[in-house]
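Hi,

Here is the structure I said I would pass on. Have a look at it first, and my notes follow underneath.

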Amino acid sequence: MLQFLSGSIEEQLIDDPLACELLLRQARSANLLSRVAVLCAEKNLTLQLPRRMQNHLQSAQAVAVANHRSVKWEAKQIELALSAEKVPFCLLKGGAYVVGESVAAKGRVFSDVDILVPKELLEKTERLLIENGWMCTNFDPYDQRYYRSWMHELPPLQHMGRGTTLDVHHAIIPPTARIKSDISKFWECAHKVGEYQHLSIPDDQDLILHSAVHLFCDGELENGLRDLSDLDLLLRDCSTDEAFWTDLLGRAVELNLEKPLFYALRYCHVLLKTPVPVPVLTRTLQHSPGKLMRRWMDFLFFRALAPDHVSSSDRWTGLARWMLFVRSHWLKMPPLQLAQHLVRKGYKRWMKYKASV
Amino acid sequence: MKLSSLPQAELRRRLREEGLGLSIGPFHVNLKSRLNIVAEGLEHLYGAFTLTSDNDFIDFRVALDSPPGLRSCFRPQVNFSFDGFVPFKPLPKVQGFAMFEWGLNWVIANNAHQYLIVHAAVIERNGVVCVLPGTPGSGKSTLCAALVCKGWRLLSDEMALISTTTGDIYPVPRPVSLKNQSIEIIQQFSSNAMMGEVVMDTAKGTVSHMRPPHLSVEQSEKPGTPGLIVFPKYTAGEAPCLTSLTRATALLKVAENSFNYSVLGLQGFKVLGDLMTKCDSYEFSYQSLDEAKETLESLI
């Protein structure tokens, strides 16, 4: 899978049905089959592959097309709901790639839509959405409090008719986190797109930076490789433009996101052979942790960013994913708060376990 | 090589170790399982199926195994997994073989969008392929099993795989799933019906699978052109009634029974439009299988 995304095994796939099957299996586990399908089509590779592989790619491409159709429809519906009180909103991640027709939209599939709204309009947004068919699905009082007072998003909303999930954010990093980033600067660079009145999307650099924050600080790594591949496509697309790299580094300083950018560039370069210029890598290295720590992070991320498949896991993979999950919580909250959170969660899990036995 | 020519010990070894590769309609499926009930089900119902060879590309790798833990000692269960992914909660172990059938339905319905997939039984006679779409309880499987026992060819009892490029239907002639009274009705209707183990108290009631006819399995590589769509409905105590449907009504009704119409979008609509130009469509309520057979045979 990693070899395919770095563009180094095309020849082998044509002659070797077993290599093809392995790619199919890993891509499926990493939620990347639709992307493989689009990339194969772009490279004029599809028709040279085994017939069975072509079928899977055709199937996966249909899924991505349906996914994109649905996200555009969702965007329209959200706009319709929020336009009643002129609430501006910004699509994030997958939704922004698709609506903004970015390169990272290629074969991108996702299960929920993420939007950003100004914090002061959060209550109004939630009310408008609920009036228009979205509902909160988690009524646990602790979880509600956790999201509302500590996190950068509301508890996930689900549309009652369509079953789609919507995450409403007011920041890109939890307010309790170590790193602080000024969200108003993020808003400044968001721009309108298409025929939408209230919907905007982040500009290219902010898409990259937000994807980096999400991947390297959020701890949900089930789709880690998919997100890394998004970053890879976004970076490759702009990489020929020299000014781009200077601007990207500058923007990272402005938003105080140098560290996630360091990780993003490092792992894109090492795992997916993204052509990041050496001087850029050297410059971001000043935001790297110490040498020993870097080795340790490599140990964790090399495993956690591989497809979640038996063929690309070793005995440490599970542990690595878990440690990164713990790390993400460590980054999100001050120690005392984290301890409190873990005790609460542990107690609830214990009660649930006791109830089920 | 057919599954039936594999010695019992070798079949079980393959199931335990590298997995048993089977050619099921257009798919290559590899199944791993240590459970006896799965091996027995395969021996009994899948004998006519061709085995895949070592270097074949496998479309779907699935496994049925007991979840770990102490529970296996007092209330044994079975888990279905698709290449390591577990889509369902475990079921009681006795439902192991049935879970293979249900799990495979799920895998196909979610991963084969090169077809428009309609929840329907598909049978053929004299070159006319007949699609019987139906919601659970409409009696489509019962009608399908009955006709198949009387010489119709089985293409599928569960899903019509309509090619998005040619509009032809690809067969997946797997065992026919029968529920509750249907099991006995079919056994009485035909002495040809070979039933698998009867499993009680599943989510669908009592369930058993009927072995697909040898000839249908042999022809499982041969797609057919659809010519007839019949929406069956079992209604006790009433004379059989055949009502012709307009193309538009039939199209909407078939779309309602499709698993992936919304995934295929416009393409799905075009496939259905094309299907309607090839087929006559009817609603058909029946109370006896003999009458139903007679009516359907008069239509082809």
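Let me start with some helix packing in chain A. Helix α10 (residues 204-217) of chain A packs against helix α13 (residues 258-272) of chain A at an angle of about 90°, and their axes are 8 Å apart. That angle makes α10(A) roughly perpendicular to α13(A). On the α10(A) side, the contact is made by L209(A), A212(A), V213(A), F216(A) and C217(A). The α13(A) side brings in P260(A), L261(A), Y263(A), A264(A) and Y267(A). Sorted by class, that contact has ten nonpolar residues, with no polar and no charged ones. Bear in mind throughout that this is a predicted model.

α13(A) has another partner. Helix α11 (residues 224-238) of chain A crosses α13(A) at roughly 95°, and the two axes come within 10 Å. α11(A) and α13(A) are therefore roughly perpendicular to each other as well. From α11(A), the residues involved are L225(A), L228(A), S229(A), L231(A), D232(A), L235(A) and R236(A). They meet A264(A), L265(A), Y267(A), C268(A), L271(A) and L272(A) in α13(A). By class, this contact has ten nonpolar, one polar and two charged residues. A264(A) and Y267(A) are worth clicking on: both are listed in the contact with α10(A), and both turn up in the contact with α11(A).

Now for the charges. Over all chains, the structure holds 34 salt bridges. One of them pairs D114(A) with K93(A), where the closest N and O atoms are 3.7 Å apart. D114(A) sits in strand β2 (residues 112-116) of chain A and K93(A) in helix α6 (residues 93-99) of chain A, so this pair ties together parts that are 21 residues apart in sequence.

On to the interface. How much area is buried between chain A and chain B? It comes to about 1700 Å², and carbon and sulfur atoms give 47% of that. E21(A), R28(A) and R52(A) supply 34% of the area that chain A buries against chain B, more than any other three residues. The contact takes 18 residues from chain A and 21 residues from chain B.

Three salt bridges are counted between chain A and chain B. R52(A) appears again here: it forms a salt bridge with D59(B), with the closest N and O atoms 2.6 Å apart. The rule also finds 14 residue pairs in polar contact across this interface. As for which elements of chain A are involved, α3 (17-29) and α5 (51-83) each supply at least two residues of the side that touches chain B. α5(A) gives the most, with ten residues. By class, the side of chain A that touches chain B has eight nonpolar, five polar and five charged residues.

Cheers

Definitions and conventions
Residues numbered from 1 in each chain as written. Chains lettered and ligands numbered in written order. Predicted model: local features only at pLDDT ≥ 70, side-chain atom pairs only at ≥ 80, totals over all residues. Heavy atoms only, no water. Contact = heavy atoms within 4.5 Å. Buried area = accessible area lost by both parts, 1.4 Å probe. Salt bridge = Lys/Arg side-chain N within 4 Å of Asp/Glu carboxyl O. Polar contact = N/O pair within 3.5 Å; in protein donor to acceptor, adjacent residues only side chain to side chain. Helix = DSSP H or I, 4+ residues; strand = E, 2+ residues; numbered from the N terminus. Nonpolar A, V, L, I, M, F, W, Y, C, P; charged D, E, K, R; others polar. Axes fitted to C-alpha atoms, helices over the stretch in contact; angles between N-to-C directions. Parallel < 35°, antiparallel > 145°, perpendicular 65-115°, else oblique.
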